[in-house]
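Here is a friendly walk through the model, from its confidence to its cysteines and one serine. Have a look at the structure first, and then read on.

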Amino acid sequence: MQALEKTLIDTNWITLLFLFLFTCIFLLKALSYSRLKGSVFSFVNHSFIEAEIEEKKSFFDVFQCVIFIFSISVLSLLIYKVLIFYNFWISQGLDSYMKVLSVVSSFFFIKRLVEFIFLRLFMIQKKLRFFLISKATYLYSTTFFLLIALVLVQYSQLNILFLVYFSIVIFSIRFLLHVIINKKLIFNGLFYFILYLCAFEIAPLFILFKLMF
């Protein structure tokens, strides 16, 4: 009788990652429950975005730093899961996730840095402040829902395809809401909005793809 080789895939690190993510949520709640609640439900609470703008919160305050780390960690896990499902990588494990996390972190850091430079260079930071804060807030809200989907896929019988379709739906909702809430700014400068999408949204995705592969 021929012995069959059994391959064990260690997923303990994913459990630890989920623990870290929930710890981030508890920390955010301790820092400001109202800001956490507003960030989670910003899809249906536009007044929270306006309040954030009026209070002029810095991106480098503790709450913003924690929620940013939380968001890129969730997005990296989502990308990792999708890449594994579609066999872009043969190996699974923490090393692969860390590679994704490093690329995603670099992507967002460089993207925000370039946005900051252009806003300062053309002196349009006040005009686009609502646009950029609403975009970031909707992204944070999206990652909270993605975390729920990731937990369900990891510990239930749901297929990765559920995660893929759910991600498409939630990102589509984010895009539509962002366009609706900024419709005056967008349609008054439609050419510049399309230019912005190409320069800061679409082009960076191709760069991200090239960095990974």
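## Confidence along the chain

This is a predicted model, and its confidence varies from element to element. Helix α1 (residues 12–31) has the highest mean pLDDT among the elements of the protein, at 95, while helix α9 (residues 190–212) has the lowest, at 58. Residues 1–8 have a pLDDT below 50, and this stretch makes 0 contacts in the model beyond near neighbours in sequence.

For the protein as a whole, the average pLDDT is 79, and 73% of the residues score at least 70. A word of caution for the weaker parts: where pLDDT is low, the predicted coordinates should not be read in detail.

## Cysteines

If you are wondering about disulfides, the structure holds 0 of them. How accessible are two of the cysteines, then? Cysteine 24 has a relative accessibility of 6%, so it counts as buried, because the cut-off for buried is under 20%. Cysteine 65, at a relative accessible area of 31%, is partly exposed, because that class lies between the 20% and 50% cut-offs.

## A serine in helix α4

Is serine 71 buried or exposed? This residue of helix α4 (residues 62–85) has a relative accessibility of 2% and therefore counts as buried.

Which residues does serine 71 touch, leaving aside neighbours within four places in sequence? The answer is Tyr140 and Thr143. With threonine 143, the link is also a polar one: the two side chains are joined by a polar contact of 3.3 Å.

Key. Residues numbered from 1 in each chain as written. Predicted model: local features only at pLDDT ≥ 70, side-chain atom pairs only at ≥ 80, totals over all residues. Heavy atoms only, no water. Disulfide = S-S within 2.5 Å. Buried < 20%, exposed > 50% of the residue type's maximum accessible area, 1.4 Å probe, protein only. pLDDT = per-residue confidence, 0-100. Helix = DSSP H or I, 4+ residues; strand = E, 2+ residues; numbered from the N terminus. Contact = heavy atoms within 4.5 Å. Polar contact = N/O pair within 3.5 Å; in protein donor to acceptor, adjacent residues only side chain to side chain.
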